[in-house]
Amino acid sequence: MSADPHNQATEEAHTGPIKNPKQLLLAVFFSFIIPILIIVGLVSYVVSGTKPAGTAEGDNMALYGVTKESRDREVAERLKKVGSIEIRDGNRPLAAGEAVFKAQCVACHGAPGIPGAPHLNDAAAWGPRIGQGYATLLEHALKGKGAMPAQGGGDFEDIEIGRAVVYLANAGGAKFPVPDRPAAAAAAPAEGASAAASAPAK
């Protein structure tokens, strides 16, 4: 070996961290065996049942926390036909305005109701609206206006919604006549005339 310190420093700089066979065995172990053990652990984790799942398991909770009944109902809703036919008895008696009001209008127009909506028996709120006339009020009720949604096409016929409008407006000071079916209105005078004709003269 040369006694030159420059050569000795260059020789030490080119040597690696492994200086004996024991260090070589440890380097081989950590370089190959540990990654293999990590891979085996990951594979066993993936195929085992202990990993967390994205589903909520419980009574009737099969898919992401949504019940089977709820899924079936949503699927049926999406698959239902666009149009439907509803058969109603055209001769059934019309619901009274007060009954329609209690069933459909009381949440907003009753007491306490919602702010901005004219409430039952509030003449000050109904005054300007009554001035617009029954036809305008009925159109607003059927088609909606402002924050009020459309009331037409629901459980009640348009004429029954009109009866509720008359009930509300008359409670606020209007004198609107209660609407009736055109056929029923025409049949009533005819029945009255036939009863008068058949009555015996005195």
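Which residues have the most contacts inside the largest nonpolar core? They are Val100, Trp126, Ile130, Leu137, Ile161, Ala169 and Phe176, in a core of 19 residues. A nonpolar core here is a set of buried Ala, Val, Leu, Ile, Met, Phe, Trp, Tyr and Cys residues joined through side-chain atoms within 4.5 Å. The model is predicted: local features need pLDDT of at least 70, side-chain atom pairs count only at pLDDT 80 or more, and totals for chains, interfaces and linings use all residues. Residues are numbered from 1 along each chain as its sequence is written, and side-chain values use heavy atoms, with hydrogens and water left out.

**Chain overview**
- The chain has eight helices and two strands. Helices (H or I, at least four residues) and strands (E, at least two) are DSSP runs, numbered from the N terminus.
- Along the sequence the pattern reads α-α-β-β-α-α-α-α-α-α.
- Of the 202 residues, 18% count as buried. Buried means under 20% relative accessible area, exposed over 50%, partly exposed in between (1.4 Å probe, protein chains only).
- About 15000 Å² is exposed by the chain, and carbon and sulfur atoms supply 64% of it. Areas come from the Shrake-Rupley method with a 1.4 Å probe; for residues, only the protein chains shown count as cover.

**Core**
- Helix 4 (97-109), helix 5 (123-130), helix 6 (134-143) and helix 7 (158-171) each supply at least two residues of the largest core.
- Helix 7 gives the most to this core, with six residues.
- Beyond its neighbours within four places in sequence, Ile130 is in contact (heavy atoms within 4.5 Å) with Leu137, Ala169, Gly172, Gly173, Ala174 and Phe176.

**Helix 6**
- Leu137, Leu138, Ala141 and Leu142 are buried in helix 6. They cover an arc of only 130° around the axis, so they sit on the same side of helix 6. The arc is that of the directions from the helix axis to the C-beta atoms.
- Ala135 and Lys143 are exposed on the other side of helix 6.
- Helix 5 and helix 7 are among what covers the buried residues of helix 6.
- Gly144, just after helix 6, takes a positive phi of about 90°.

**Surface patch**
- Ile18, Leu24, Leu26, Val28, Phe29, Phe30, Phe32, Ile33 and Leu37 make a nonpolar surface patch of about 850 Å². Patch residues have over 30% relative accessible area and no salt bridge; nonpolar side chains (Val, Leu, Ile, Met, Phe, Trp, Tyr) are joined within 5 Å. A salt bridge is a side-chain nitrogen of Lys or Arg within 4 Å of a carboxyl oxygen of Asp or Glu.
- Leu24 lies in helix 2 (residues 21-47). Leu24 is partly exposed, at a relative accessible area of 45%.

Definitions and conventions
Patches are made of residues with over 30% relative accessible area and no salt bridge: like charges are joined within 9 Å, nonpolar side chains (Val, Leu, Ile, Met, Phe, Trp, Tyr) within 5 Å.
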